Amino acid sequence: MSAALVCPTATATAPTAPSNVTVSAANATAPAVITWKDNSNNETGFNIYDGTTLTGSVSGNIITFTDNLNCPAQNGHKYSVEAFNAGGKSAKAVSAALVCPVAAPTIPIAPSGVTISASSATGPVTVNWKDNS
């Protein structure tokens, strides 16, 4: 009688959580760009969340994701990132809240061709100009 040889199977270990999650936007109407530090060497990919909503996923070793909603729609949003593989998911690393850059105000162009006229010494005064804005 012979016994069957049973070999143990390797189980995957969940990846280490990412860290240093940041979120920024280049200008007041730009999409949010989320970046993080990859602290594991065994992830299959990363899940990116806006609050508790899964926003997207990227493959392993990618450390950036663009949320294509424009910045004003996302002002104050907090993103989190988790690594995943066949062994499970890491803890989520959370970003600070997105603060959208404020667009610099546009200074209007000064009027030109200003003329002042009066129909008499005591009559009403009329002021005319060209609006260059």
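β6 and β7 form a hairpin, with two residues between them. This is a predicted model. The report starts from that hairpin, moves to the other partners of β6, then turns to a second sheet and to one acidic residue.

**Strand β6 and its partners**

β6 covers residues 79-85. Six of its seven residues are buried, so the strand is largely enclosed by the rest of the structure. Its hairpin partner, β7, spans residues 88-89. The two strands pair in the antiparallel sense over two bridges. Within that pairing, Phe84 has Lys89 as its bridge partner.

β6 also pairs with β3, again in the antiparallel sense, and here there are six bridges. Ile48 is bridged to Val81 of β6. A further partner is β8, residues 93-94. Two bridges join β8 to β6, and the strands run antiparallel. Ser80 finds its bridge partner in Val94 of β8.

The pairings of β6 are set out below.

| Strand pair | Sense | Bridges |
|---|---|---|
| β3 and β6 | antiparallel | six |
| β6 and β7 | antiparallel | two |
| β6 and β8 | antiparallel | two |

Strands of a sheet pair through backbone hydrogen bonds, either parallel or antiparallel.

**The three-stranded sheet**

An open sheet has three strands in the order β1-β2-β5, and its pairing is antiparallel. Its edge strands are β1 (19-24) and β5 (64-70), each of which pairs on one side only. From one strand to the next, the twist averages 15°. β1 and β2 are joined in the antiparallel sense by four bridges. Ser24 has its bridge partner, Val33, in β2.

**Glu43**

Where is Glu43 placed? Glu43 sits in the loop between β2 (31-37) and β3 (45-50). Glu43 is buried, yet has no salt bridge. The nearest side chain of opposite charge belongs to Lys37, 12 Å away. A salt bridge needs the charged atoms within 4 Å, so Lys37 does not provide one.

Which side chain makes a polar contact with the side chain of Glu43? That of Ser40 does, at 2.5 Å. A polar atom of the Glu43 side chain also lies 2.8 Å from the backbone nitrogen of Asn61.

Beyond its neighbours within four places in sequence, Glu43 is in contact with Pro15, Asp38, Gly60, Asn61, Ala83, Phe84 and Asn85. One of these, Phe84, is the bridge partner of Lys89 in β7. The Glu43 contacts thus lead back to the hairpin of β6 and β7.

Terms used:
Residues are numbered from 1 along each chain as its sequence is written. This is a predicted model: local features need pLDDT of at least 70, side-chain atom pairs count only at pLDDT 80 or more; totals for chains, interfaces and linings use all residues. Side-chain values use heavy atoms; hydrogens and water are left out. Buried means under 20% relative accessible area, exposed over 50%, partly exposed in between (1.4 Å probe, protein chains only). Lys and Arg count as positive and Asp and Glu as negative; His and the chain ends are not counted. A polar contact is a pair of N or O atoms within 3.5 Å; within protein, one must be able to donate a hydrogen and the other to accept it, and residues adjacent in sequence count only if both atoms are side-chain atoms. Contact means heavy atoms within 4.5 Å. Two strands pair if DSSP finds at least two bridges between them. Axes are lines fitted to C-alpha atoms, for helices over the stretch in contact, and angles run from 0 to 180 degrees between N-to-C directions.
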